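Here are some worked exercises to try with the model open beside you. Have a go at each task before reading its solution.

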Amino acid sequence: MGQPVEGATSGRFLALSSFVGRRHDVAEVRGLLSTSRLVTLTGPGGVGKTRLAREVANAVRRGFPDGTVLVELDQVSDPALVASTVAVAVGLREQGGRTPIEMLTDYLASRQVLLVLDNSEHVVEAIGELAGALLRACPGLRILATSREWLGITGEVVYPVAPLGLPEAERPGTDQPESHNLLQYGAVELFVDRATAVVNDYHLTERNRSEVAEICRRLDGLPLAIELAAARLRAFSEKEVLARLSKHPHLLTSTLSTAPSRQRTLRSCIEWSHGLCSEQEQLLWARLSVFTGGFELDTAEEVCSGDGLDVAEVPEILAHLIDKSILVGERHADVVRYRMLDTIREFGREQLEQTSERERLRRRHRDAYLRMVEQADADWVSPRQVEWFARLDREHVNVQAAVDYCLTEPGELESAMRILTAVFHFYWWGRGWAREGRIWLARALDRPSPPTVVRARALLTDASLALADGEFDVGGQRLAAARAIDATAGDPGTEALAYWIEGSVALYSGDLAAATTAFEAGLALLEPGRDLTVRLDLLLSYSSAVALLGDADRATWCHEEFLRITEHAGECFHRAYALWTFGLFVMQQRDLPRAVELIQHSIQLRRELRDLTGLGWSMESLAWAESALEHHERAATLLGAADRLWEIMGRPLETYQHMYPFHEACVQRGRERLGDGRFEAAFQRGRAASLDDGIGYALGEQTPPATAVSSTPDTVLTGRELETAELIAEGLSNREIATRLTISVRTAETHAQRILTKLGFRSRAQIAAWVAQQHAIGQAPPQSGPES
């Protein structure tokens, strides 16, 4: 068990607009989730499935102490990437040779998590397989899915999301009494709420009530259609909106004659909204549909301008599309990202298909992201490194779309390999997404292409990722294939990269002498000031090898060379590794306070980057240094914090045989000095800490996480609560506790929540650590007597 997983949220899903008209639906779906482990919200596009799912997740979040996780699947076009996408959303990093499903089942097996799988219909088969596997293996997991169709697996409960409630049409010759409250109907409530956003003093009055009611009826109570119509009140009165809806030629007789009536209504409303846009707004709407997920102003200007759309006009037209509810703007730190709802994007792509611009726009989209990732790669050793990490995190799905374009269009294979190698440090290594990188690289490399330097670099990139997965044979095969390409002979950077892979194979196998020979050969090929990223990769691995050999001269040279390159440039990623490896060296030299200082400095740099792989190594190594200083309880807590990171990344620690013996020795020493009970209690405190709390503890900024709670009246447990706490510490779910104690599941849930409240904890892992600590110090957890 543990704190809410990295990447999950234990707070509320925030929205830019208020939630209206669905209170009954929220209550109904909450009830279904209390008795069923898989609930699927179904309905046509625009009916409000996504918003309802988020509100339900907000309503039930306190029942999931390990977090609620939103997975946006509309951005996933390939079923093979579904499990990987869910793993990344949960916060896992795919390394260690295990599949995403294996990692997810292991990680979620003892946790209480709600997965919200949004927009599942286009990958419904893959989602069904994944959901079935996870639910069978993870008793504390519940899934809330949204889809236009069922997932079709055993145990699924389907909740059809209906349009919002509508008032009945007024019968001729009758008057509605003034007391008749139209706002009791969800459709009217939503229309008025959204109208208020565009007309500040908007109110429902006796003069406009009949038109508002008729607009909502005409739009079948569909939320998206109502929002589009309400946005028009900036320019039209209610009577004018209604008149235009009535005159719209497709509203009642859509060309989609075989589609359900509500689908025809929504389609017609989107067509109507499109018809009311200016030619330039229509043009930008169509062109923006080429993006996957969101986009930012600079890429919108680059991709969509020209041929009738001046680049200087794009910002203003974007603002107009937001005013008309075609686009949604979302703030991310100091930038605004824009996105289209899926149904509106589909319509825009249809408009693009009808023009001669589709292929040109897709190519421009690819070109924009190819330039972006290559600029990021060129800027790697610079003060912009943190900024690029954040930007490419936001653009991940657009980069995927650009690669997908290259792999499906003839003659574009080399561009795919250029993108995939350019993001090596940002995605595949720095973010720990090795498996996703290998899927894309395999698709590119398994196709015949000319034996160019670009192909060689792609082979070497895949070799590095294979080594991270512990697949040394595959890494060696990719290395041999790269070296067989004659074109590499004239490219020192590629040759040096090949030596890095060769040395890494030896290093991970524990052959330090062979590793240093290969790394030195690679460094000798590079000219000063050229191929800095390759030089830093070589220096990183070389410094690890010579540090473990205890070679003072070469270790010192590596450290000084690292700092010479990185400090002036403002680089963080490699500099953190340099500090860490030099910390290992001085630890070998028994300068333990200096080792602690260096490793803590590496943690400070990695905190900003959120480099989980690097943080795992730094936390682990800091534990070794603290253990050598005889700070065994602190070392055990740090090992626990590191173990949580290793779990996130698929536990790759054993892959690195040159490091693993230090871990085993630290654990053995801690158990000998503290005893199994105290060691386990400290270890579990570290595991129970959030990532930020663990970092704060490692840096000495805060006291140990999840410390024991004093026996004040507010924290005393009853006898039954104590029994429940003991069973939680054993890893039992609420249902298993209910069976063991012969009580209802609801009562078990109540006991667990009271324990959390009394002890001031946020997760069951903290309860487990607290129980272990009480046993370790030789006393039972405090109680107040029998359950009343």
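A residue counts as buried under 20% relative accessible area, as exposed over 50%, and as partly exposed in between. Keep in mind throughout that this is a predicted model.

**Exercise 1. A salt bridge and its exposure**

Task: Find which residue forms a salt bridge with Glu330, and work out whether Glu330 is buried, partly exposed or exposed.

Solution.
Step 1. The partner of Glu330 is Arg339, and the closest N and O atoms are 2.7 Å apart.
Step 2. Glu330 has 25% relative accessibility, so this residue counts as partly exposed.
Step 3. Arg339 is also assigned by its value: at 27% relative accessibility, Arg339 counts as partly exposed.

**Exercise 2. Two further pairs**

Task: Determine where Arg418 and Glu374 lie in the chain, then do the same for Arg740 and Glu730.

Solution.
Step 1. Begin with the contact itself: Arg418 and Glu374 form a salt bridge, with 2.9 Å between the closest N and O atoms.
Step 2. Arg418 belongs to helix H18 (residues 413-422) and Glu374 to helix H15; with their positions 44 residues apart, the pair links distant parts of the chain.
Step 3. For exposure, Arg418 has 31% relative accessibility and counts as partly exposed, and Glu374, at 28%, counts as partly exposed.
Step 4. Now take the other pair: the side chains of Arg740 and Glu730 meet in a salt bridge at 3.9 Å, N to O.
Step 5. Arg740 is in helix H34 (residues 734-741), while Glu730 is in the loop between helix H33 (719-729) and H34, so this salt bridge ties together parts ten residues apart in sequence.
Step 6. Arg740 has a relative accessible area of 47% and is partly exposed, whereas Glu730, at 52%, is exposed.
Step 7. To set these pairs in context, the structure holds 57 salt bridges. Some charged residues join in a network of salt bridges, made of Glu296, Asp298, Arg337, Arg391, Arg394 and Glu395.

**Exercise 3. Reading the open sheet**

Task: Establish the strand order of the open sheet of five strands, and identify its edge strands.

Solution.
Step 1. Following the pairing across the sheet gives the order S2-S3-S4-S1-S5, and the pairing is parallel.
Step 2. The edges are strand S2 (68-72) and strand S5 (156-160), each of which pairs on one side only.
Step 3. From one strand to the next, the twist averages 20°.
Step 4. Look at one pairing in detail: strand S1 (residues 38-42) runs parallel to S5 over five bridges. Here Leu41 stands opposite Tyr159 in S5.
Step 5. Add the helices. Helix H3 (residues 82-90) packs on the sheet and touches S2 and strand S3 (113-118), with its direction at about 140° to that of S2. Helix H5 (residues 124-137) lies across S1, S3 and strand S4 (141-147), and runs at about 165° to S4.

**Exercise 4. The surroundings of Leu33**

Task: Decide whether Leu33 is buried or exposed, and list its contacts beyond four places in sequence.

Solution.
Step 1. Locate the residue: Leu33 is part of helix H1 (residues 23-35).
Step 2. Its relative accessible area is 4%, so Leu33 is buried.
Step 3. Leaving aside neighbours within four places in sequence, Leu33 contacts Val39, Val56, Leu114, Arg142, Ile143 and Leu144.
Step 4. Compare sequence with space for one of these partners: Leu33 and Arg142 are 109 residues apart in sequence, yet their C-alpha atoms are 7.5 Å apart.

**Exercise 5. A serine in a loop**

Task: Describe where Ser382 sits and what its side chain reaches.

Solution.
Step 1. Ser382 is found in the loop between helix H15 (358-378) and helix H16 (385-394).
Step 2. With a relative accessible area of 9%, Ser382 is buried.
Step 3. Its side chain reaches the backbone oxygen of Asp379 at 2.4 Å.
Step 4. Not counting residues up to four places away in sequence, Ser382 touches Ala569, Gly570 and Glu571.

**Exercise 6. The whole chain**

Task: State how many helices and strands the chain has, and what share of its residues is buried.

Solution.
Step 1. The chain contains 36 helices and eight strands.
Step 2. Of its 788 residues, 57% count as buried.
Step 3. Among contacts with a separation of 6 or more, 73% are between residues 24 or more positions apart.
Step 4. The chain exposes about 31,300 Å², of which carbon and sulfur atoms supply 49%.

Technical notes:
Residues are numbered from 1 along each chain as its sequence is written. This is a predicted model: local features need pLDDT of at least 70, side-chain atom pairs count only at pLDDT 80 or more; totals for chains, interfaces and linings use all residues. Side-chain values use heavy atoms; hydrogens and water are left out. Two strands pair if DSSP finds at least two bridges between them. Helices (H or I, at least four residues) and strands (E, at least two) are DSSP runs, numbered from the N terminus. Axes are lines fitted to C-alpha atoms, for helices over the stretch in contact, and angles run from 0 to 180 degrees between N-to-C directions. Contact means heavy atoms within 4.5 Å. Buried means under 20% relative accessible area, exposed over 50%, partly exposed in between (1.4 Å probe, protein chains only). Accessible areas come from the Shrake-Rupley method with a 1.4 Å probe; for residues, only the protein chains shown count as cover. A polar contact is a pair of N or O atoms within 3.5 Å; within protein, one must be able to donate a hydrogen and the other to accept it, and residues adjacent in sequence count only if both atoms are side-chain atoms. A salt bridge is a side-chain nitrogen of Lys or Arg within 4 Å of a carboxyl oxygen of Asp or Glu.
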